Amino acid sequence: MSRFVAGLAEVVLWVSDMERALHFYRDLFGLEVISPPELPNKFLRAGGGAYGVPEMIVLVPHPEPSMEFPREKSKRVLHHLAFRIETAEYDRLRERLIASGIETRSGIHPVLKAVRTFYVDDPDGNECECIAPELD
């Protein structure tokens, strides 16, 4: 069978408050904004990617910002997204998120056995998994 997909280029998320979303993804996770400042959608580099196409999280202002996004997981359209974290940065990131008042939840990956993982919710209720190889 042919493999057509070479990787994941972007995950696009609705946001109700761009500044809160940027604080979460840019300031806490350290993702670099790569879109021009005047563009309402914010493109953040999540990984190097390949051939000039980085891995990105794209934040798009919701057309109805006052709309309440569902917090109950069973009502969300997106189950969760996951970030691969460098082993050496895993604990530091978790501590940074906790210090910022963000609840972290531990997890066990159902397929990958030699990894550590925890979960947090972004300001709009999207669950973000943080996954890293176990320490040697």
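Q: What makes Ala 88, Arg 92, Glu 95 and Ala 99 of helix 2 count as exposed?
A: The model is predicted, and every value here is computed from it. Exposed means over 50% relative accessible area. Ala 88, Arg 92, Glu 95 and Ala 99 are exposed, so each is over that cut-off. They lie on the other side of helix 2 from its buried residues.

Q: Which residues of helix 2 are called buried, and what is the cut-off?
A: Buried means under 20% relative accessible area. Thr 87, Tyr 90, Leu 93, Arg 94 and Leu 97 are the buried residues of helix 2.

Q: Why are these buried residues said to be on the same side of helix 2?
A: They cover an arc of only 100 degrees around the axis, so they share one side of helix 2. A general rule helps here. An α-helix has 3.6 residues a turn, so residues three or four places apart point the same way.

Q: What do the buried residues of helix 2 pack against?
A: They pack against helix 1, strand 6, strand 7 and strand 8.

Q: What comes after helix 2?
A: Gly 101 follows helix 2. Its phi is positive, near 85 degrees.

Q: What is the strand order in the sheet that holds strand 5?
A: The order is 5-8-7-6, in an open sheet of four strands with mixed pairing.

Q: What makes strand 5 and strand 6 edge strands?
A: Strand 5 (81-84) and strand 6 (105-107) each pair on one side only. The twist in this sheet averages 30 degrees from one strand to the next.

Q: How do you know that strand 5 and strand 8 pair?
A: Pairing needs at least two bridges. Four bridges join strand 5 to strand 8 (residues 127-133), so the two count as paired. They run parallel. Phe 83 stands opposite Cys 130 in strand 8.

Q: What does helix 2 touch in that sheet?
A: Helix 2 (residues 87-99) packs on the sheet and touches strand 6, strand 7 (115-121) and strand 8. Its direction makes about 25 degrees with that of strand 7.

Q: Why is one side of strand 1 and of strand 2 left without a neighbour in the sheet?
A: Their sheet is open, with four strands in the order 1-4-3-2. Strand 1 (10-15) and strand 2 (32-33) stand at its edges, each with a single partner strand, so one side of each has no neighbour in the sheet.

Q: What makes strand 2 and strand 3 a pair?
A: At least two bridges are required. Two bridges join strand 2 to strand 3 (residues 42-50), so the requirement is met. These strands run antiparallel. The bridge partner of Glu 32 is Arg 45 in strand 3.

Definitions and conventions
Residues numbered from 1 in each chain as written. Predicted model: local features only at pLDDT ≥ 70, side-chain atom pairs only at ≥ 80, totals over all residues. Heavy atoms only, no water. Axes fitted to C-alpha atoms, helices over the stretch in contact; angles between N-to-C directions. Contact = heavy atoms within 4.5 Å. Buried < 20%, exposed > 50% of the residue type's maximum accessible area, 1.4 Å probe, protein only. Arc of directions from axis to C-beta.
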